[in-house]
Amino acid sequence: VAANPGEPEFHQAVREVFDSIAPVLAAHPEYADQAILERLVEPERIIAFRVPWVDDAGKIRVNKGYRVQFNSALGPYKGGLRFHPTVYLGMLKFLGFEQIFKNALTRQHIGGAKGGANFDPKGKSDNEVMRFCQSFMTELQRHIGPDIDVPAGDIGVGGREIGYLFGQYRRIRDTFDAGVLTGKGLGFGGSLARTEATGYGAVYFADAMLAARGESLDGRTAVVSGSGNVALYAIAKAQQMGARVVTASDSSGMVYDDAGIDVELLRHIKEDLRGRVSDYAAQRPGARYQAGAKVWDLAELGIRADIAFPCATQNELNEVDARQLLDGGVRAVVEGANMPTTLEATHLLQENGVLFAPGKAANAGGVATSALEMQQNSARQSWSFEKVDAKLHDIMRDIHDTSLDAAARYGHEGNYVVGANAAGFEMVAEAMIAQGVI
Ligand code: NDP
């Protein structure tokens, strides 16, 4: 903490991993001898830069841009870019640190990184977003490449932003390196099913978790937070698998739809119109909007639910929220977002027998499918939706089984937090030891 002051999210992410891996360290004294923990918490490289751009009124604006290249023991750096006003170095260090273990669990040979800027795309015109992306990439392009570091999207960075970023990279480098970014448009090297992958993957993980106990999603009631890329496709897949998803939200409020969220309407409002969940409620008969509310207060909604998918942002589910979920009958929590549940809430849920799937396992489908996009780019191929989706499904089952197995090996049967951290950590530690002190 003293060495990394003012970075509470990073401390929280490190604490969660360190709390889990005591039995791994006890079984592997060489990890301590090799200073694996001390090396792991220090990013291999941090790039920080100025992002100047001109708004529609002709005024010069300046944002802070970053790329944290955290660990490349398993492969080229890989991780998303976040554009959100709350972005600062500590947040990207937390996300980059998580990404190391998540990427290991996918077994796709990718290292961990994260980047972004404290830029707020909300309320900006397409031209402003384009000029911002061009300025951001003018600096970032020096530090990335298909075998070096391959960024992707995250909060505030979707298909539109990736397109602008790719265009500027190609212009400056004078080469069509499709593999330098993932989440690209389908016409220039993007992969089918990448847009859906994180949300679908989280539901595949939930399904595997329930199947291991002889249960399924069919007939279950689910609450989902968020209404962005992850939330939207988690809702879609959960409903395809027979669940009824009754909520969505954004930073302004939440919508409750007893008939089950109409995914196509929500997708249209979010992706085509860049609207809000309040617009959904206004257009959908029977849906109810509550400004400023979260989706976890089931008593307030007057419902019981079986499963919760936090898919918005970090620390959106605290101890009070966890208590509300427990009181409302929830028996499984699957993190679609990164670290959406506080440590206290996680412990409370686990102590009460809730099946808890941590983000670094449950939301790994996005980055795994990005790695599949990289494979297609290298081979100059485009696979069918079904082929990519089937591979994603296999990868999620494997992450589930690997996490469950590691939990059992280290004496924490059924604890996916311990399992995912232990399994990811082992893979990275072994590669670091094999590659010497670097
Ligand atoms: P989007 O920008 O598409 O959507 C984010 C959603 O969360 C929006 O509905 C947003 O509402 C809401 N949100 C953001 N901040 C808050 C907040 N402080 N309080 C309430 N709601 C909030 O991002 P993604 O869906 O891509 O990402 C969501 C989460 O999933 C993040 O934690 C991200 O790191 C993680 N993730 C994403 C992956 C991907 O492939 N996209 C892969 C793995 C993890 P609003 O519009 O009001 O801001």
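**Ligand shell and helix 9**

In this predicted model, domain 1 (8-177) and domain 2 (196-353) each supply at least three residues to the shell around the ligand. The ligand is surrounded by 24 residues, and the closest are Gly-228, Asp-250, Ser-251, Ala-337 and Gly-366. Two or more residues of the shell are given by each of helix 9 (229-240) and strand 8 (247-250). Helix 9 provides the largest share, with 3 residues. By residue class, the shell consists of 15 polar, 6 nonpolar and 3 charged residues.

Helix 9, as the element with the largest share of the shell, was examined further. The helix has 12 residues, and the distance from its first C-alpha to its last is 17 Å, close to the 16 Å expected at 1.5 Å a residue. Helix 9 is followed by Gly-242, which has a positive phi, near 100°.

Most of helix 9 is covered, with 10 of its 12 residues buried. The buried residues are Asn-229, Val-230, Ala-231, Leu-232, Tyr-233, Ala-234, Ile-235, Ala-236, Lys-237 and Ala-238. Both helices and strands are among the packing partners of these residues. The helices are helix 8 (194-211) and helix 10 (263-272). The strands are strand 6 (221-225), strand 7 (244-245), strand 8 and strand 11 (307-310). Strand 8 thus appears in both settings: the strand gives two or more residues to the shell around the ligand, and the buried residues of helix 9 pack against it.

Methods:
Residues are numbered from 1 along each chain as its sequence is written. This is a predicted model: local features need pLDDT of at least 70, side-chain atom pairs count only at pLDDT 80 or more; totals for chains, interfaces and linings use all residues. A residue is near a molecule or strand if its C-beta atom, placed from the backbone, lies within 6 Å of it. Helices (H or I, at least four residues) and strands (E, at least two) are DSSP runs, numbered from the N terminus. Ala, Val, Leu, Ile, Met, Phe, Trp, Tyr, Cys and Pro count as nonpolar, Asp, Glu, Lys and Arg as charged, and the others, Gly among them, as polar. Domain bounds come from an automatic or database domain assignment. The expected span of a helix is 1.5 Å times one less than its number of residues. A residue is buried if 20 or more other C-beta atoms lie within 10 Å of its own, exposed if 12 or fewer, and partly exposed in between; C-beta atoms are placed from the backbone. Two residues are in contact if their C-beta atoms, placed from the backbone, lie within 7 Å.
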